[in-house]
Amino acid sequence: MYFPRIKLLFTLLLVLSCSGEEDRQLLEILDKTLENKPLYEGYFNDKVNVLKEVLNEQTDPEQVFNLDMRLADAYRANCKDSVLVYLTQAREAAGKAGRPDLAAIVDFRTAVTYVKAGYAVEANDILEHYRNADIPDIALRSYYEAEHTYWGETMAYTSTPESYDNKLKNRDLYREKLFGLTEEGSWHWHNLKREVFHEVSDMENTRKHARAMLDVSSENSREYAEAAYYYAYTFNEPEEKEEWLIRSAIADIMCGTRDYSSLNDLSGLMFRNGDIERAFRYAADHCMVDALYFNGKLRPWQITRLFPEIESAYQEKHQRQNRITLTLLLCLAVLFSIMLVLVGFLYRRQHIIEAVRGKLQDSYMEIDNRNRELEEINSRLVKLNARIQESDKVKQEYIGLFLGMVSDNISTFRKYRMRVLKYIRQGNTKAITDEIEQQEPIDNDILEFYKMFDQAFISIYPDFVEKFNNLLADGAEIVPKGDDILTPELRIFALIKLGITDSSRIASLLHYSANTIYNYRAKTKNRARGSRDSFEDAVRNIE
């Protein structure tokens, strides 16, 4: 019997927990967006500066009019004075173009700007001029929108029921006229429908059309911010309202909007939820500053209604924090006194520790003696290692000497052979010439020398080829082919490993030209895995 209720309660708590976590994440995003507000203001300024640059290059009055109207629209929620400046310029351009219909559109846009900023008298003066005049067809929708906005905005400032009813009647009249000139399914059409259902407290349909306004808006656009604000107030649940006010505020900041309601209302909501710090920061650092920048009368007045209460709570919170801080300081003073007592106690204990330390000193002396013995042993090991290294060096020198002797023998034999041939050609017997010429070519001796060198070197450094290839880039490995133990490149670097680095000496030993040795060395170093400058040092360090 109770299980379904418990299950329902658990589900509700889980949903509320998830919703609260999402709101906290959105608040963090909002805070980060506010931190980056100068960046978004820079984006806004870049956008309007592009329009200004294009405007400065135009001379055609109608093109100037269009650009002035675009700039006025860009500043619509950013700075009232800038809006009026560009609307004034647009009206002048309309006059130069001989277009009274465009001038009328400017006047209606000016009236909307005035009434939304709290200047109802100025807005009425403009509209009164047109109320008994013929409105051009192209400006008719702008006129209806201006009248609809004027009567709707001034409804909140009536002093008598009769005045309120009259304004309500006029607002509804122009709203119906607007429906006839507004595309069904558009953002403005859904906004008008939302207003209709909101007026009769039909929250379901109000939410439906506010949601539709969101769906037809680009995310984080001015239209999205306004639609999210309306959507927030279709919910009774505080969490839902907070979420959409946050989304609306984020979009406002990202669009460079200075005349907004979302962050103001969110500041009040934070205040009522007990988040005094955030409420004060929103109101003082952003809402009031932006409202003054926009330079309207209405928004600062709305903010000042709640701001003193938030500021008072903020001051009270800080006073409470100061009292807590003072209490903590007193506690620290008490703790400091206790610490002094403990220091005295520890000082007495120090004498006992000193006695124990004397005994430990003897142990340290014994350990020190052992350490010295270990140092002597390590010294002997170092000397032994040095001898081993010296022996290795001697071994390398002897191998080099051996190779030199073999190579010199080959060179001597070659000279002897050439000399004998020379004598024979000068008149010695042909039989001697035939005998000498029938001997095996000297190249076979060189190949035999290479084979003997390769076997001797690899017997000492069996892993040389593998370790040498590890120093080369992937795919650049040098692999001996056929019966060869080493390739010409490997023999050159084998001699470098043995300490023979001079290219002329290597050329003499291997019976190559010095230029060939240089080319082999340069080509191989270019394939090194690491620095080519340290490649030969790495080869010499192969063990």
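How many of the 11 residues of helix α11 are buried? In this predicted model, the count is eight, and the helix, which spans residues 222-232, is mostly covered. The buried set consists of Arg222, Tyr224, Ala225, Ala227, Ala228, Tyr229, Tyr231 and Ala232. As for what covers them, these buried residues of α11 pack against α3 and α9, and also against α10 (203-215), α12 (238-254) and α13 (262-272).

From this helix, it is natural to turn to the nonpolar cores. The largest nonpolar core has 44 residues, and those with the most contacts inside it are Phe65, Met69, Leu71, Tyr75, Phe108, Leu127 and Tyr143. A run of helices contributes to this core: α2 (37-56), α3 (61-74), α4 (80-96), α5 (100-116), α6 (120-128), α7 (137-154), α8 (161-180) and α9 (187-199) each supply at least two residues. Helix α5 provides the largest share, with nine residues. Methionine 69 offers a closer view of the packing: once neighbours within four places in sequence are left aside, this residue is in contact with Leu87, Ala90, Ile105, Val106 and Arg109. A second core, separate from the one just described, is made up of 37 residues, including Ala210, Ile253, Phe271 and Ile303.

Charged pairs come next. Side chains of opposite charge can pair when their charged atoms come close. Across the whole structure, a search finds 29 salt bridges, and three of these pairs are described here.

Aspartate 73 forms a salt bridge with arginine 76, with 3.2 Å between the closest N and O atoms. Both partners are partly exposed: aspartate 73 has a relative accessibility of 30%, and arginine 76 has a relative accessible area of 37%.

The salt bridge of arginine 91 with aspartate 107 brings the closest N and O atoms to 2.7 Å apart. Arginine 91 belongs to helix α4 and aspartate 107 to helix α5, so this pair ties together parts that lie 16 residues apart in sequence. Here the two ends differ in exposure, since arginine 91 is partly exposed at 38% relative accessibility, whereas aspartate 107 counts as buried at 11%.

What does arginine 175 form a salt bridge with? The partner is glutamate 199, and the closest N and O atoms are 3.1 Å apart. Because arginine 175 lies in helix α8 and glutamate 199 in helix α9, the pair ties together parts that are 24 residues apart in sequence. In this case the arginine is the buried end, as arginine 175 has a relative accessible area of 5%, while glutamate 199 is partly exposed at 34%. The pair also belongs to a network, in which salt bridges that share partners join Arg171, Asp172, Arg175, Glu195 and Glu199.

Finally, charged residues also feature in a pocket. The second largest pocket holds about 210 Å³ of space. Its lining is formed by Asn444, Leu447, Glu448, Tyr450, Lys451, Asp454, Gln455, Asp483, Asp484, Ile485 and Arg491. Helix α17 (residues 442-460) gives the largest share of this lining, seven residues. Sorted by class, the lining of the second largest pocket comprises six charged, three nonpolar and two polar residues.

Technical notes. Residues numbered from 1 in each chain as written. Predicted model: local features only at pLDDT ≥ 70, side-chain atom pairs only at ≥ 80, totals over all residues. Heavy atoms only, no water. 1 Å grid on protein atoms, 1.4 Å probe; cavity = no way out; pocket = protein on both sides within 12 Å on 5 of 7 lines; lining within 4 Å. Points joined across faces, edges and corners; volume = space filled by probe spheres on them. Helix = DSSP H or I, 4+ residues; strand = E, 2+ residues; numbered from the N terminus. Nonpolar A, V, L, I, M, F, W, Y, C, P; charged D, E, K, R; others polar. Core = buried A, V, L, I, M, F, W, Y, C linked by side-chain atoms within 4.5 Å. Buried < 20%, exposed > 50% of the residue type's maximum accessible area, 1.4 Å probe, protein only. Contact = heavy atoms within 4.5 Å. Salt bridge = Lys/Arg side-chain N within 4 Å of Asp/Glu carboxyl O.
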